[in-house]
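Q: Please take a close look at one part for me: the salt bridges. I'd like to hear who pairs with whom, and how covered the partners are.

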Amino acid sequence: MTEKQKRFVDEYLIDLNATAAAIRAGYSKRNAGKIGFELLEKTRISEAIQVKIKGRSERTKISQDDVINEIADMAFQDISKDMNAFAKLKALELLGKHLGMFTEKIKTESVGTMEVLWKN
């Protein structure tokens, strides 16, 4: 892996946003979305990301299951003085995103050298 690719791996772990990670790692803003996607497709890079995620989980003693379980506990609590409606809604939103319930569908169509995007 190149130094720039190693930086991408570290940057990706911040927010799991490939485009933002590519920009922070020093790739062109103009092509960051494409480059970020291509980097994630590379076996060495995806393996490096998984190794770092596993290492972080071991260091912090926090797993993805721990986080999901805590969010689920919040999401399904009754609203009280300690739990406001906003916090409950946010917890439900996070669980829904985790389960893939709120995905945006975007169609793309190439027209010459211009790419046209629109949402359904």
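A: First, the vocabulary for cover: a residue is buried under 20% relative accessible area, exposed over 50%, and partly exposed in between (1.4 Å probe, protein chains only). This is a predicted model, where local features need pLDDT of at least 70, side-chain atom pairs count only at pLDDT 80 or more, and totals for chains, interfaces and linings use all residues. Residues are numbered from 1 along each chain as its sequence is written, and side-chain values use heavy atoms, leaving out hydrogens and water.

Now the pairs. Searching the whole structure turns up 6 salt bridges (a side-chain nitrogen of Lys or Arg within 4 Å of a carboxyl oxygen of Asp or Glu).

Take Glu-11 and Arg-24: their closest N and O atoms sit 2.7 Å apart. This bridge ties together distant parts of the chain, with Glu-11 in helix H1 and Arg-24 in helix H2 (residues 18–24), 13 residues apart; helices here are DSSP runs of H or I, at least four residues, numbered from the N terminus. Glu-11 is buried at 18%, while Arg-24 is partly exposed at 29%. Asp-15 joins these two in a network of salt bridges.

Next, Lys-52 bridges to Asp-10, again with 2.7 Å between the closest N and O atoms. That pair spans 42 residues, from helix H4 (residues 43–60) to helix H1 (residues 3–15). Lys-52 is partly exposed at 36%, and so is Asp-10 at 38%.

Finally, Lys-90 meets Glu-93 at 3.6 Å, N to O. Both lie in helix H6 (residues 85–98), 3 residues apart, about one turn.

Definitions and conventions:
Helix = DSSP H or I, 4+ residues; strand = E, 2+ residues; numbered from the N terminus.
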